[in-house]
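Work through these exercises with the structure open beside you. Try each task before you read its solution.

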Amino acid sequence: MAEDTPTLDLSTPYFPVFAHPSSTPKSILDPDVSAILGGSTPALHPTTSWPRCGECGEPLIPYIQINLASPRTPAKFRARFSEVTVEEGETPILQVWVCAADENAECLTSSVVSDPDARASVIRILCVADVDLAASATARDALGPLGGGE
């Protein structure tokens, strides 16, 4: 190997610490929550609409949300996002949204395999305050029945 060849920086893997099931649903803004898989109430800003697939136009579904401020999220993973600017009272959330409009996942497969610009998924960091959680319910309700379009 040549001396000037850069070494590959392997990413720190993320192994979520799941909360014990309870009768009370947990919010992604709860510091005891590291991650939420799926769910119908992802964090959104009041001015943000529910993301849609850039290929088929159907609503994307929340795949995972990771609370980047939670002590239950591994410190090495949180450190990867240390440059994110967070205002007082906000919580940084890493979100992954994917298209699941059809059972064969054609939009998502296309964007992953052949067309990385297809926009059949969204990966973003959103800094939200407690009051912002109501915005996701409003945005979800505005969609009408999921999978049926508007």
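The model shown here is predicted.

**Exercise 1. Cysteines**

Task: Classify Cys-56 as buried, partly exposed or exposed, and find out how many disulfides the structure has.

Solution.
Step 1. Take the accessibility. Cys-56 has a relative accessible area of 37%. Buried means under 20% and exposed means over 50%. Cys-56 is therefore partly exposed.
Step 2. Look for a partner. The cysteine sulfur closest to that of Cys-56 belongs to Cys-99, at 3.8 Å. A disulfide needs two cysteine sulfur atoms within 2.5 Å. The distance is too far, so no bond is assigned between Cys-56 and Cys-99.
Step 3. Turn to Cys-107. Its nearest cysteine sulfur is that of Cys-56, 3.8 Å away, and Cys-107 is in no disulfide. Cys-107 counts as buried, because its relative accessibility is 11%.
Step 4. Search the whole structure. The count of disulfides is zero.

**Exercise 2. The sheet**

Task: Give the strand order of the open sheet, and say whether its pairing is parallel or antiparallel.

Solution.
Step 1. Read the order. The open sheet has four strands, arranged 1-2-3-4, and they pair in the antiparallel sense.
Step 2. Find the edges. Strand 1 (35-37) and strand 4 (121-129) are the edge strands, each paired on one side only.
Step 3. Add the twist. From one strand to the next it averages 20°.
Step 4. Zoom in on one pair. Six bridges join strand 2 to strand 3 (residues 90-98), again antiparallel. Within this pairing, Asn-67 stands opposite Ile-93 of strand 3.

**Exercise 3. Two polar residues in strand 2**

Task: Decide whether Gln-65 is buried or exposed, and identify the backbone nitrogen that its side chain reaches.

Solution.
Step 1. Place Gln-65. It sits in strand 2 (residues 61-67).
Step 2. Check its accessibility. Gln-65 has a relative accessible area of 3%, so it is buried.
Step 3. Follow the side chain. The Gln-65 side chain reaches the backbone nitrogen of Ala-43 at 3.0 Å.
Step 4. List some contacts beyond four places in sequence. Gln-65 touches several residues, including Ile-28, Thr-41, Pro-42, Ala-43 and Leu-94.
Step 5. Repeat for Asn-67. This residue also lies in strand 2. Its relative accessible area is 1%, so Asn-67 is buried.
Step 6. Follow this side chain too. Asn-67 reaches the backbone nitrogen of Ala-69 at 2.8 Å and that of Ser-70 at 3.1 Å.
Step 7. Look further along the sequence. Contacts of Asn-67 include Leu-29, Asp-30, Thr-73 and Pro-92.

**Exercise 4. Far in sequence**

Task: Find how many residues separate Leu-29 from Pro-92 in sequence.

Solution.
Step 1. Locate Leu-29. It is in the segment before strand 1.
Step 2. Classify Leu-29. With a relative accessible area of 10%, it is buried.
Step 3. Compare the separations. Leu-29 and Pro-92 are 63 residues apart in sequence, yet 8.8 Å apart in space, C-alpha to C-alpha.
Step 4. Recall Asn-67. Both Leu-29 and Pro-92 are among its contacts.

**Exercise 5. The nonpolar core**

Task: Find how many residues the largest nonpolar core has.

Solution.
Step 1. Count the members. The largest nonpolar core has ten residues.
Step 2. Name some. Among them are Leu-44, Trp-50, Trp-97, Cys-107 and Ala-139.
Step 3. Pick one member. Beyond its sequence neighbours within four places, Ala-139 is in contact with Leu-44, Thr-48 and Trp-50. Of these, Leu-44 and Trp-50 are listed in the core.

Key. Residues are numbered from 1 along each chain as its sequence is written. This is a predicted model: local features need pLDDT of at least 70, side-chain atom pairs count only at pLDDT 80 or more; totals for chains, interfaces and linings use all residues. Side-chain values use heavy atoms; hydrogens and water are left out. Helices (H or I, at least four residues) and strands (E, at least two) are DSSP runs, numbered from the N terminus. Buried means under 20% relative accessible area, exposed over 50%, partly exposed in between (1.4 Å probe, protein chains only). A polar contact is a pair of N or O atoms within 3.5 Å; within protein, one must be able to donate a hydrogen and the other to accept it, and residues adjacent in sequence count only if both atoms are side-chain atoms. Contact means heavy atoms within 4.5 Å. A nonpolar core is a set of buried Ala, Val, Leu, Ile, Met, Phe, Trp, Tyr and Cys residues joined through side-chain atoms within 4.5 Å. Two strands pair if DSSP finds at least two bridges between them. Axes are lines fitted to C-alpha atoms, for helices over the stretch in contact, and angles run from 0 to 180 degrees between N-to-C directions.
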